[in-house]
Each structure stands twice: as C-alpha cells, then as structure tokens.
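User: I am a first-year student and would like a close look at strand pairing in this protein. Please define each term as it comes up, and place this part within the whole chain.

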Amino acid sequence: MVIKDYQNFKFQQPYQQAMYYCSLILKDQTRPWVERLDVLPHLNVEDLTNFAPMMLSQAFLECYIAGNIEREEAESMVQHVEDVFFKGPNPICRPLFPSQFLTNRVVKLERGMNYCYSKEGLNPSDENSALVHYIQVHQDDFILNVKLQLFALVAKQPAFHQLRSVEQLGYITVLMQRNDSGICGVQFIIQSTVKGPAHIDSRVEAFLKMFENKLYEMTNDEFKSNVNALIDTKLEKHKNLREESRFYWREITDGTLKFDRREAEVAALKKLTQQELIEFFNENVKVGATRKKTLSVRVHGNQHLAEYHSQKSEAVQPNSIQINDIFSFRRSQPLYGSFRGGIGHVKL
C-alpha cells in the first residue's frame, strides 16, 4: 500500500509536482519521494521491530491542549505524559540533547537573482505543463507580513483576470501567499496545455509590469477599502475548535510562537499607508527590483518537451542561475535561521 502511494506520485497534476520541487529546493533536510520508494522493498518485519525501540530511545515532546479544560488539568496531563516518558524506575526514553533539537531551515535566495529549475513531467501521457513563480520576500515580521498580504489581496483578482480570462493561459491560475516555516513570499501557480512554462513565466513578469500602474493609480478610497477588507478577514472568529487549534499549532510547529498574531497584524495594518505599500512593491516584487528574489519551477508536459530541451542549450541570462541538481544547489546556499530549536522547556 505504501509503495503504491509513492508510485502514484508520478500521476499527480503537474502543478502539484512543481509545488513539490519548489519545496524540495527551499526546505533544508527534505528528501525526495524516490529515495523512500527505493528503500521500501528492502524493509521487513525485523527492521520494523528493531526500529520501534530505537525511535523511542530519545524524544522531544510538544503538547497543545484545547477545548473545555482548565489550565491546571492541561498541565497535569502534560506532566503525566512527561513522567511516563522520562521519569520513574523504567523510563521509556531520554530527552533529546539541545544539539539534537529539530529545526526548520529554509534556503535564503540571493537578492537580485532569478533562479530556475526545469523538469519533464513524470507522467509522459500528460499534456499539461505547470509553472510555480515564487518571490521570496522576508522572515516573519508583522509589518512586512501585512504589506505582503495586502499586495496579494490587491493583485489576486487582476492576476486571475489577465492570465486566466484574457490570456487564457490555463484553467488553474492562482496567486497566493507562501509561508515556509516563517519565511514569507508570494507565488503564481499556473497549469496549461496551451503554452509552455517559459512563456507563462514571461507573462507573469508582463503582468507584474502592468500591475505597477494599477498600484500607482489606486485611489485612497480603494486603498482603505482593501485594508479594511483584510482587517475584517483577520478579525473573523475561528469557525470551530479545529480551525482555532490549527492556528495555534502552526505557531508551535513553525516556532514563531506569536499567538497574538492577528491582533498585532491588525494594528500594523491600521498604520500602513499607501506609499509604504508602493515602496514595498518597488523593493521586493517589481520586475528588476534590486532586492527581488525569484524562483521559477517549470514542469513540462508532453506538448512542450521541445521547449524543455532547447532551454538546456540556451545561455544563462545575467543575474540568473539555472538549477540542475536540487541537492547540490541546496547544499551550496545560505539558510535562514530557524525559529525552532532555540528554546527548551516552555509553558504558554
């Protein structure tokens, strides 16, 4: 069953493959599915039996309890779990050493550079190609967060209208924010049978050039309306306990621990000016901006393989890097610091 699940990866949509490659490039310590598939046929019952005690020989616990429960009860439950794991005459395991704490580290792309990774689609019968055009901006910061979020809100509908409705590049056309363990950016995701990924990439750049005018010409009333819409979204109450828990657990797993995030970002939005949004765009998103960091991941369907092969022989443009081997590239790049791993026992 597990082997079948991994084998089915090649039948995922090309845009899903592109998103996977993007994560593989950016996230340190992530491993490709093909390595796991290679190992699985060699595992047996004895391997699994031996693994269980080794897995529990050392552990690091993170706990989150929500619902109709008092704080003292929650702390008592966590204490009981810790006692079972780490204390008593026969503890199950030892705690991790501080040097073993898990971290989430992300590749820090260089300012002013354009990175590109191209790959054939895994399903040779699929005509669709896909592009993920990712713009990396900053490490978690309330003020920069709201500027990025407001840009994404303002640009989302115009991007869909231009790239999907007008140019009809692909049925799947999305502009959305991206957050990798507190490293924030924005990404265009487009899947198409009509045009190859390189052409779509050029149209994304053309859209951003066109969008400059819309941003510059936005009236003060339009700006305030978008700000208020984003504030209203942030002030919406969680619909259920699951949604609320997902919010808090994300803060824990990322290590950011900013549980007042919504209130702090609303406060930052209320102080934000239109000129600050324009300056943010000009510095981080505008085509040709000296601070801009772009990664294009292109997956080529069977209709666009000629483009894929011709691209390999083309000269690399100035301020551009062609990624040929993901892991060689990743090993050679600086990483953002991790929010995780720097804190010991914390009660919140």
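Analyst: Accessible areas are obtained by the Shrake-Rupley method with a 1.4 Å probe, and for residues only the protein chains shown count as cover. By that method the protein chain exposes about 19800 Å², of which carbon and sulfur atoms supply 52%. The model is predicted, so to speak, by computation rather than taken from experiment: local features need pLDDT of at least 70, side-chain atom pairs count only at pLDDT 80 or more, and totals for chains, interfaces and linings use all residues. Residues are numbered from 1 along each chain as its sequence is written, and side-chain values use heavy atoms, with hydrogens and water left out.

The whole chain comes before the part. There are 13 helices and 8 strands in the protein chain; these are DSSP runs numbered from the N terminus, helices being H or I with at least four residues and strands E with at least two. The C-alpha trace spans about 70 × 55 × 35 Å along its principal axes. The domain assignment, whose bounds come from an automatic or database source, gives domain 1 (30–100) and domain 2 (107–219 + 273–336). The centres of domain 1 and domain 2, taken over C-alpha atoms, lie 38 Å apart.

Of the 348 residues, 37% count as buried. Buried means under 20% relative accessible area, exposed means over 50%, and partly exposed lies in between, with a 1.4 Å probe and protein chains only. A contact means heavy atoms within 4.5 Å. Among contacts with a separation of 6 or more, 81% come from residues 24 or more positions apart.

The strand pairing can now be followed. Two strands pair if DSSP finds at least two bridges between them. Strand 3 (residues 113–120) runs parallel to strand 7 (residues 293–300), and 8 bridges join them. Strand 3 also pairs with strand 8 (residues 320–323), again in the parallel sense, over 4 bridges. Residue N114 illustrates both pairings: its bridge partner in strand 7 is T294, and in strand 8 N114 stands opposite S320.

M113 also lies in strand 3. Because its relative accessible area is 11%, M113 is buried. Leaving aside residues up to four places away in sequence, M113 touches K292, K293, T294, N319, S320 and I321. A further link across the sequence is seen with A289: M113 and A289 are 176 residues apart along the chain, yet their C-alpha atoms are separated by 9.7 Å.

Strand 7 has another partner in strand 4, the two pairing in the antiparallel sense over 7 bridges. Within this pair, Y134 has L295 as its bridge partner in strand 7. Strand 4 (residues 129–139) is mostly covered, with 10 of its 11 residues buried. Strand 4 also pairs with strand 6 (residues 183–192), in the antiparallel sense and over 10 bridges. There, the bridge partner of H133 in strand 6 is F188. In a regular strand the side chains alternate between the two faces of the sheet.

The segments leading to strand 6 deserve a look as well. R164 is placed in helix 6, and because its relative accessibility is 23%, R164 counts as partly exposed. Beyond residues up to four places away in sequence, R164 touches A159, L169, G170, Y171 and T173. R164 and V174 are 10 residues apart in sequence and 8.9 Å apart in space, C-alpha to C-alpha.

Q168 follows in the loop between helix 6 (142–166) and strand 5 (172–180). Its relative accessibility of 52% is why Q168 counts as exposed. S181 has its place in the loop between strand 5 and strand 6, and counts as buried because its relative accessibility is 16%. Q168 has a positive phi near 50° without being a glycine, and S181, also not a glycine, has a positive phi of about 50°. Most residues other than glycine have a negative phi.

One further residue completes the picture. F327 is found in helix 13 (residues 326–331), and at 24% relative accessibility F327 counts as partly exposed. F327 touches L24, T30 and P32, not counting residues up to four places away in sequence. By contrast, the C-alpha atoms of F327 and K237, 90 residues apart along the chain, are separated by 42 Å.
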